[in-house]
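Welcome, and take a moment to look over the chain before reading on. We will go through it step by step, starting with a word that helps in finding one's way.

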Amino acid sequence: MTATRNEAVSAASRPGGSETVDLEIGGMTCASCAARVEKKLNRVPGVTATVNYATERAHVAHDSGVDVADLIATVEATGYSASVPASPWDAQSDTSTADEPETILRTRLRTSVGFTVPVILLSMVQALQFPYWQWVAFALTVPVVTWAAWPFHAAAWTNLRHRAVTMDTLVSMGVLVAFGWSVYALVFGGAGQPGMHMPFSLVPVRRPGGSDLYLE
């Protein structure tokens, strides 16, 4: 099976005219990621590439002088991973590995929902706001902001290092700003005082500065 993959790589980079190769791209989280990878690949002389975000694959036509390893290095320099697709036999034997990322995402989602629902109820239903409820909401929010949202933060940092902004950047910034302000309000703004209540209102209400939380 390994020999089959090696043959695919060598066939794709064999001298004597134009060649095509498909690459599996990892780490893309939105269509702008695919556009970035495509743009970088097309900047390589002798390369014409199209990247499909839905299938997480790049179809690359390249001159014989361009090695597949160079294409992979170009993608990795952009902040993503790339590899030659495994043979069908490898894919069948690696089904459990392929399902692993999905399982991790489901676990993050379920954990987030379990912690978030109580925070929303505490923040929006004043009758449920017992003394120090805000600190309970804060404790429930921490694992969501850190562990559950980690893929967004990691992708945003990777893109930032490559001077790029994607949807992950917006999500990460929104989460961190709301959480950061809430921490400030709890510690310095008076929102951490016992007996503090935060009523839910459909219209703007003037309240003392620093007393509102946005943990939900």
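A helix, in what follows, is a DSSP run of H or I at least four residues long, and helices are numbered from the N terminus. With that in hand, we can place S172: this serine sits in helix α8. Please keep in mind that the model is a predicted one.

Is S172 buried or exposed? The cut-off for buried is a relative accessible area under 20%. S172 counts as buried because its relative accessibility is 7%. Setting aside the neighbours within four places in sequence, S172 has contacts with F152, H153 and A156.

Now let us step back to the whole chain. It holds 8 helices and 4 strands, and their order along the sequence is α-β-α-β-β-α-β-α-α-α-α-α. Of the 216 residues, 32% are buried. The accessible surface of the chain is about 12,800 Å², and carbon and sulfur atoms account for 64% of that. Contacts also link distant parts of the sequence: of those between residues at least 6 apart, 63% join residues at least 24 apart.

The strands are a good place to go next, and β3 makes a helpful guide. Which strands does β3 pair with? Strand β1, residues 19-26, runs antiparallel to β3 and is joined to it by 6 bridges. Strand β2, residues 47-52, is likewise antiparallel to β3, with 6 bridges between the two. One residue of β3, V60, shows both pairings: V60 is the bridge partner of V21, and V60 is also the bridge partner of A49.

Follow the side chains along β3, residues 57-62, and you will see them alternate. On one face are A58, V60 and H62, which are buried, while R57, H59 and A61 point to the other face and are not buried.

Between β2 and β3 the chain makes a hairpin, with 4 residues separating the strands. E56 lies in this loop and has a positive phi of about 55°, although it is not a glycine. Most residues other than glycine have a negative phi. E56 counts as partly exposed because its relative accessible area is 39%.

Another residue with a positive phi is Y132, which is not a glycine either and has a phi near 70°. Y132 belongs to the loop between α5 and α6. Its relative accessibility is 44%, so Y132 is partly exposed.

A further loop residue worth finding is R43, between α2 (31-42) and β2. R43 has a relative accessible area of 56% and is therefore exposed. In sequence R43 and T74 are 31 residues apart, and in space their C-alpha atoms are 9.6 Å apart.

Our last stop is the second largest pocket, which has a volume of about 410 Å³. Its lining is made up of 23 residues, and the closest to the pocket centre are S112, V144, A148, A149 and V175. The elements that give two or more residues to this lining are α5 (95-124), α6 (133-148), α7 (150-161) and α8 (167-187). Which of them gives the largest share of the lining? That is α5, with 7 residues. By type, the lining residues of this pocket are 16 nonpolar, 4 polar and 3 charged. Helix α8 brings us back to the beginning, since S172 has its place there.

Note on methods:
Residues numbered from 1 in each chain as written. Predicted model: local features only at pLDDT ≥ 70, side-chain atom pairs only at ≥ 80, totals over all residues. Heavy atoms only, no water. 1 Å grid on protein atoms, 1.4 Å probe; cavity = no way out; pocket = protein on both sides within 12 Å on 5 of 7 lines; lining within 4 Å. Points joined across faces, edges and corners; volume = space filled by probe spheres on them. Nonpolar A, V, L, I, M, F, W, Y, C, P; charged D, E, K, R; others polar. Buried < 20%, exposed > 50% of the residue type's maximum accessible area, 1.4 Å probe, protein only. Pairing = 2+ DSSP bridges. Contact = heavy atoms within 4.5 Å. Areas by Shrake-Rupley, 256 points an atom, 1.4 Å probe, with all protein chains shown as cover.
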